[in-house]
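The following exercises are meant to be worked through with the sequence and the coordinates open side by side. Try each task before reading the solution below it.

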Amino acid sequence: MESEKTLDLSKDRNKEFVENMFSSIQAKTSAYCFQCMTCTNGCPVVLNYQPNPREELDLLPHQIMYSVRLGLKDLVLESRMLWACTECYMCTEYCPQGIQVCDVIYELKNLAVKERKDLIPRGLRIFANTLLDQGRTAEIMDWEREDLELPDLSGAGDEVLQELLRKLGLPELIETKS
Ligand code: SF4
Ligand code: SF4
């Protein structure tokens with residue numbers, strides 16, 4: 001995404017997006033954002049991308065909140081901040097207006113998965129595929145468990161999780177092979 005772009009609200013504002021977002025109790029809270037930037041200043045992801053987080057993340061948390069209100073759907077969904085967010089909830093904890101910043105970001109990600117699958121990062125697809133294929137995201141180190149005198153976990157619950165994820169529709173959501 002370009003770091004600087006002039007927007008024309010008469011064209012770029014998506015009223016349906018605002019209405020849909022504001023139909024959710026969490027997302028509606030973004031209407032009370034007064035742009036104090038406390039969420040952004042306390043965000044560990046933003047901190048990690050200093051000195052130029054805008055260049056790496058496109059929009060910062062406070063800008064996402066304001067853009068939702070303005071109805072800038074494409075700008076928000078294409079923002080790399082959405083996928084960089086670790087859902088730590090620090091922004092929500094710090095916000096003096098009680099805005100559910102992290103939940104709004106969750107909702108935006110869900111929308112992107114539904115409508116803009118091209119935006120799902122490759123790493124996330126690999127993560128989801130590994131869960132579907134193996135029922136876990138990392139190998140269990142048997143020798144470590146033996147050293148710690150822990151029971152063998154091979155196969156424990158893997159198939160149940162795989163089946164659950166399939167039934168929940170994960171393969172269709174991320175359009176994966178499984
Ligand atoms: S902390 Fe809350 S009010 Fe301040 S910019 Fe962030 S979302 Fe808006
Ligand atoms: S939930 Fe996301 S946006 Fe909020 S502070 Fe954590 S990483 Fe930053």
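**Exercise 1: Backbone outliers in loops**

With 14 C-beta neighbours inside 10 Å, Met37 counts as partly exposed. The model is a predicted one, and the task is to place Met37 in the chain and to describe its backbone, and then to do likewise for Asp58.

*Solution.* Begin with the location: Met37 sits in the loop that joins H3 and H4. Its phi is positive, about 75°, although the residue is not a glycine. Asp58, in turn, belongs to the loop between H6 and H7, and it too is a non-glycine residue with a positive phi, of about 70°. For the environment of Asp58, count the other C-beta atoms within 10 Å: there are 20, which means that Asp58 is buried, since 20 or more is the criterion for that class. Two further backbone features can be added, namely Gly71, which follows H7 and has a positive phi near 80°, and the cis peptide bond from Gln50 to Pro51, with omega near 10°. Pro51 is located in the loop between H5 and helix H6 (53–57).

**Exercise 2: The surroundings of the two ligands**

Determine which residues come closest to ligand 1 and which come nearest to ligand 2, and characterise each shell by residue class.

*Solution.* For ligand 1, the shell holds 13 residues, and the closest are Cys33, Cys36, Cys39, His62 and Cys95. Helix H4 (38–41) and helix H7 (61–70) each contribute at least two residues to that shell. Sorted by class, the shell of ligand 1 consists of 9 nonpolar and 4 polar residues, with no charged ones.

For ligand 2, there are 14 residues in the surroundings, and those that come nearest are Cys43, Cys85, Cys88, Cys91 and Cys102. Two or more residues of this shell are given by each of helix H5 (44–48), H10 and H11, and the largest share, 3 residues, is that of H11. By class, the shell of ligand 2 has 12 nonpolar, 1 polar and 1 charged residues.

**Exercise 3: The two faces of H11**

How do the buried residues of H11 fall when the helix is seen down its axis?

*Solution.* Start from the geometry: helix H11 (residues 101–115) has 15 residues and reaches 21 Å from its first C-alpha to its last, close to the 21 Å expected at 1.5 Å a residue. Next, list the buried positions, which are Val101, Cys102, Val104, Ile105 and Leu108. Viewed down the axis of H11, these buried residues fall within an arc of 155°, so they line one face of the helix. Asn110 and Lys114, by contrast, are exposed on the other side of H11. Finally, identify the partners of the buried residues: they pack against helix H3 (25–28), H4, H7, helix H8 (73–77), helix H9 (81–84) and helix H10 (90–94).

**Exercise 4: The nonpolar core and an enclosed helix**

Find which residues have the most contacts inside the largest nonpolar core, and establish how many residues of H7 are buried.

*Solution.* The largest nonpolar core comprises 26 residues, and Val101 and Ile105 have the most contacts inside it. At least two residues of this core come from each of H7, H8, H9 and H11, with H11 giving the most, 5 residues. Apart from its neighbours within four places in sequence, Ile105 is in contact with Ile64, Leu82 and Cys85.

Turning to H7, the buried residues are Pro61, His62, Gln63, Ile64, Met65, Ser67 and Val68. That makes 7 of the 10 residues of H7, so the helix is largely enclosed by the rest of the structure.

**Exercise 5: Exposed loop positions and the chain as a whole**

Are Tyr89 and Ser23 buried or exposed, and what describes the protein chain overall?

*Solution.* Tyr89, in the loop between H9 and H10, has 12 other C-beta atoms within 10 Å and is therefore exposed. The C-alpha atoms of Tyr89 and Cys43 are separated by 8.9 Å, although the two residues are 46 residues apart along the chain. Ser23, in the loop between helix H2 (15–22) and H3, has 9 other C-beta atoms within 10 Å and is exposed.

For the chain as a whole, the secondary structure amounts to 15 helices and 0 strands. The C-alpha trace spans about 60 × 30 × 30 Å along its principal axes, and of the 178 residues, 21% count as buried.

Terms used: Residues are numbered from 1 along each chain as its sequence is written. Chains are lettered from A and ligands numbered from 1 in the order in which they are written. This is a predicted model: local features need pLDDT of at least 70, side-chain atom pairs count only at pLDDT 80 or more; totals for chains, interfaces and linings use all residues. A residue is near a molecule or strand if its C-beta atom, placed from the backbone, lies within 6 Å of it. Helices (H or I, at least four residues) and strands (E, at least two) are DSSP runs, numbered from the N terminus. Ala, Val, Leu, Ile, Met, Phe, Trp, Tyr, Cys and Pro count as nonpolar, Asp, Glu, Lys and Arg as charged, and the others, Gly among them, as polar. The expected span of a helix is 1.5 Å times one less than its number of residues. The arc is that of the directions from the helix axis to the C-beta atoms. Two residues are in contact if their C-beta atoms, placed from the backbone, lie within 7 Å. A nonpolar core is a set of buried Ala, Val, Leu, Ile, Met, Phe, Trp, Tyr and Cys residues joined through C-beta atoms within 7 Å.
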